[in-house]
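Colleague: Hi! Could you walk me through the ring contacts in this one, and then the sheet?
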Amino acid sequence: MPVPQRMGPVKPKQELKEEFTRILTANNPHAPHNIVRYSFKERSYKPISNVDQLAVHLVLDGNLLHQDSDEACRQRARQGLEKGNMPVESTVAEMDNERPDTPVFGEGVAEEFGAEERPDSAESKSTRREQKLTNQFNFSERASQTLNNPLRQRECQTEPPPRANFSATANQWEIYDAYVEELQKQERNKEKHKAQSMKKEEEKSRKKTAVVETQSDDITNVGRAAKIMERMVNQNAFDDIAQDFKYFEDASDEFREQEGTLLPLWRFQYDKAKRLTVTALCWNPKYKDLFAVGLGSYDFSKQGHGMLIFYSLKNSTFPEYIYPTLSGILCLDIHSSLSYLVAVGFYDGSVAVYNLKEEDDEATYRSTAKSGKHTDPVWQVKWQKDDMDNNHCFFSVSSDGRVASWTLVKNELLFTDITKLSVGGATVERSEEARHLTMACGTSFDFHKKIDYLFLVGTEEGKIHKCSKAYSSQFLETYDAHNMAVEAVRWNPFHPKVFISCSSDWTVKIWDHTVRSPMFTFDLNCAVGDVVWSPYSSAVFAAVTIDGKVHVFDLTVNKYEPICHQLVAAKKTKLTHIEFNPVHPIIIVGDDHGFVTSLKLSPNLRKKPKEKKGQELPKGPEVEVAKMEKLLNLLREPDNS
């Protein structure tokens with residue numbers, strides 16, 4: 001009886017037809033994926049993205065020799081093998097080249113293809129040229145690997161500076177001696193620099209003199225001849241004005257009892273100075289036809305450059321000297337004996353001295369912040385007598401309240417504060433805050449003609465202070481002169497007690513400095529820009545107003561009104577300054593357009609008392625003093641007479 005066999009469960013057909021997909025990849029499942037290596041370039045560990053998936057199962061070392069090499073020949077000789085019986089492993093390339101005509105697949109295959117010509121048969125080899133193989137083996141392997149450039153470091157080593165330990169005990173005497181020695185070194189250095197500068201100046205002067213001597217046709221000689229020719233041409237062109245200046249006398253004055261007129265003569269202008277304002281006028285005391293003009297601006301919001309210009313009555317078309325400046329000029333004064341020295345005050349607070357003998361356009365002396373220049377605009381400068389060491393000096397007044405003295409010592413300006421103005425009237429030492437709060441702004445000043453130490457200072461508050469050079473701690477007198485800023489204050493050139501002042505409050509006042517109230521007050525119905533005494537009479541003065549009019553007064557003729565008030569400028573032109581010529585009967589006036597106009601006084605404005613037959617009238621300054629004294633006696637009270 002047969003034993004029944006146990007059969008397994010029969011699977012349905014659907015399960016048998018089910019396909020199970022297995023994807024074979026070249027990735028090594030055992031290869032790590034989180035390998036990191038140290039990067040010397042970035043100095044940190046970096047993960048490697050490319051993982052080697054190659055798995056090596058069998059490694060068999062062997063070698064291949066070329067059949068024509070010496071090593072292969074020796075090996076065949078050693079083994080005793082023939083060329084055709086060499087092992088396959090060592091002659092793979094050789095078998096390919098020396099294969100017989102019979103194919104590798106057997107004789108049946110050769111018979112099957114019949115007479116078909118194989119590409120590697122002996123006949124085909126004979127018909128074509130044998131090509132040289134670049135690679136003698138049947139395989140080639142190419143690989144390259146780039147190396148990361150190694151970091152380069154540059155280092156240097158320096159020797160440490162030598163050191164020395166020093167210790168000592170210092171006392172006050174040693175400290176004092178060290179400071180004294182340092183000061184002496186500085187003084188010696190200063191002397192060396194001064195000596196060098198003096199040598200350079202001497203060399204320059206020698207070179208200049210040598211050039212003048214050697215060059216007969218120098219440009220200066222040509223310029224001098226050209227200047228003379230220019231003056232001749234101008235005198236011919238303006239011959240009628242020159243004739244009027246020299247000979248014309250207004251005959252209509254005979255029909256006027258007291259009034260006079262002003263005859264316009266030359267008008268001086270410079271094209272580059274049209275937008276500037278005439279801020280100062282001054283006649284040269286030696287050359288009576290030459291005068292200086294300072295150009296700048298009174299408008300603080302339109303400040304810019306300035307000019308110092310010299311005109312001559314012999315040539316009205318072009319200036320004789322031109323000195324451009326970086327800051328606007330507000331005042332100037334020419335030395336009384338050395339007419340080539342000109343002191344100038346600027347809007348930026350500095351003062352300078354120009355030398356007309358030097359060809360350079362720059363100032364010979366100039367103050368700086370280090371040498372004590374003013375912090376506010378300088379409104380007036382005046383030359384004074386030389387000091388004890390025969391050094392030239394001048395004074396200046398500024399809105400910062402300082403009245404300073406400037407001394408010309410070799411190549412520098414040395415300053416000394418004469419007095420400091422204050423609203424209260426005294427200039428005693430105070431705290432910094434109190435001093436700034438009570439500081440008065442100086443706008444004008446003038447020195448007495450005979451008393452050297454006495455001078456007057458006008459302020460922006462309308463007061464006039466009488467001061468002394470020797471006593472600077474307090475004012476000698478204070479006059480409540482005007483309601484607005486004092487534009488000008490001037491001593492009378494003849495009478496020692498009288499001075500005159502003008503202001504923007506429309507008034508001109510004449511004072512006796514021994515009396516605190518004015519002797520004469522004149523209202524000109526417009527702001528007064530400047531006032532000046534005449535050089536030929538103690539009772540004649542002239543003033544200019546911003547409406548373009550010139551007012552001339554003669555107190556001996558009329559004590560209440562001007563004997564001449566004439567419009568000499570165009571509309572909307574403000575007159576700023578006026579000056580009398582010291583010799584000729586002319587005046588010059590400047591305006592805010594940069595023009596200077598010369599005017600001749602008619603005979604009524606400069607007439608003198610008539611001489612009686614057989615009687616000579618007294619002449620001299622005593623007569624002018626008596627004339628003014630007579631006028632003052634009419635106004636003085638019995639107590640002050």
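Modeller: Happy to. Bear in mind that this is a predicted model. A charge over a ring is a nice place to begin: arginine 267 lies over the face of phenylalanine 595, at 4.2 Å from the ring centre.

Colleague: Nice. And which ring does lysine 357 lie over?

Modeller: That would be tyrosine 340, with lysine 357 placed over its face at 4.2 Å from the ring centre.

Colleague: OK, on to rings with rings. How many aromatic pairs are there?

Modeller: The count comes to 26 aromatic pairs. One of them joins tyrosine 536 and phenylalanine 580, with 6.2 Å centre to centre and 80° between the planes, which is edge-to-face.

Colleague: Where do tyrosine 536 and phenylalanine 580 lie?

Modeller: Tyrosine 536 is in the loop between strand E24 (528-533) and strand E25 (540-545), while phenylalanine 580 is in strand E28 (residues 575-580), so the pair ties together parts that are 44 residues apart in sequence.

Colleague: Is tyrosine 536 buried or partly exposed?

Modeller: Tyrosine 536 counts as partly exposed, at 26% relative accessibility. Its partner phenylalanine 580 counts as buried, at 7%.

Colleague: What about phenylalanine 541 and phenylalanine 553, are they stacked or edge-to-face?

Modeller: Stacked, because their ring centres are 4.8 Å apart and the planes meet at 10°, under the 30 degrees that stacking asks for. Phenylalanine 541 lies in strand E25 and phenylalanine 553 in strand E26 (residues 549-554), so this pair links parts that are 12 residues apart in sequence.

Colleague: And how accessible are those two?

Modeller: Phenylalanine 541 is buried at 0% relative accessibility, and phenylalanine 553 is buried with a relative accessible area of 0%.

Colleague: Which residues form one aromatic cluster with Phe541 and Phe553?

Modeller: Phe520, Phe522 and Trp533 join them in that cluster.

Colleague: Let's switch to the sheet. In what order do the strands come?

Modeller: The sheet is open, with 4 strands in the order E24-E25-E26-E27 and antiparallel pairing. E24 and strand E27 (564-567) stand at the edges with a single partner strand each, so one side of each has no neighbour in the sheet.

Colleague: What does the twist average?

Modeller: The twist averages 15° from one strand to the next.

Colleague: Back to the strands with the stacked rings. How many bridges do E25 and E26 pair over?

Modeller: E25 and E26 pair over 5 bridges, in the antiparallel sense. For an example to click on, alanine 542 has valine 552 in E26 as its bridge partner.

Colleague: Great, thanks!

Conventions: Residues are numbered from 1 along each chain as its sequence is written. This is a predicted model: local features need pLDDT of at least 70, side-chain atom pairs count only at pLDDT 80 or more; totals for chains, interfaces and linings use all residues. Side-chain values use heavy atoms; hydrogens and water are left out. Rings of Phe, Tyr and Trp (its six-membered ring) pair if their centres lie within 6.5 Å; planes under 30 degrees apart count as stacked, over 60 as edge-to-face and the rest as tilted. Helices (H or I, at least four residues) and strands (E, at least two) are DSSP runs, numbered from the N terminus. Buried means under 20% relative accessible area, exposed over 50%, partly exposed in between (1.4 Å probe, protein chains only). A charge sits over a ring if NZ of Lys or CZ of Arg is within 6 Å of the ring centre and within 35 degrees of the ring normal. Two strands pair if DSSP finds at least two bridges between them. Axes are lines fitted to C-alpha atoms, for helices over the stretch in contact, and angles run from 0 to 180 degrees between N-to-C directions.
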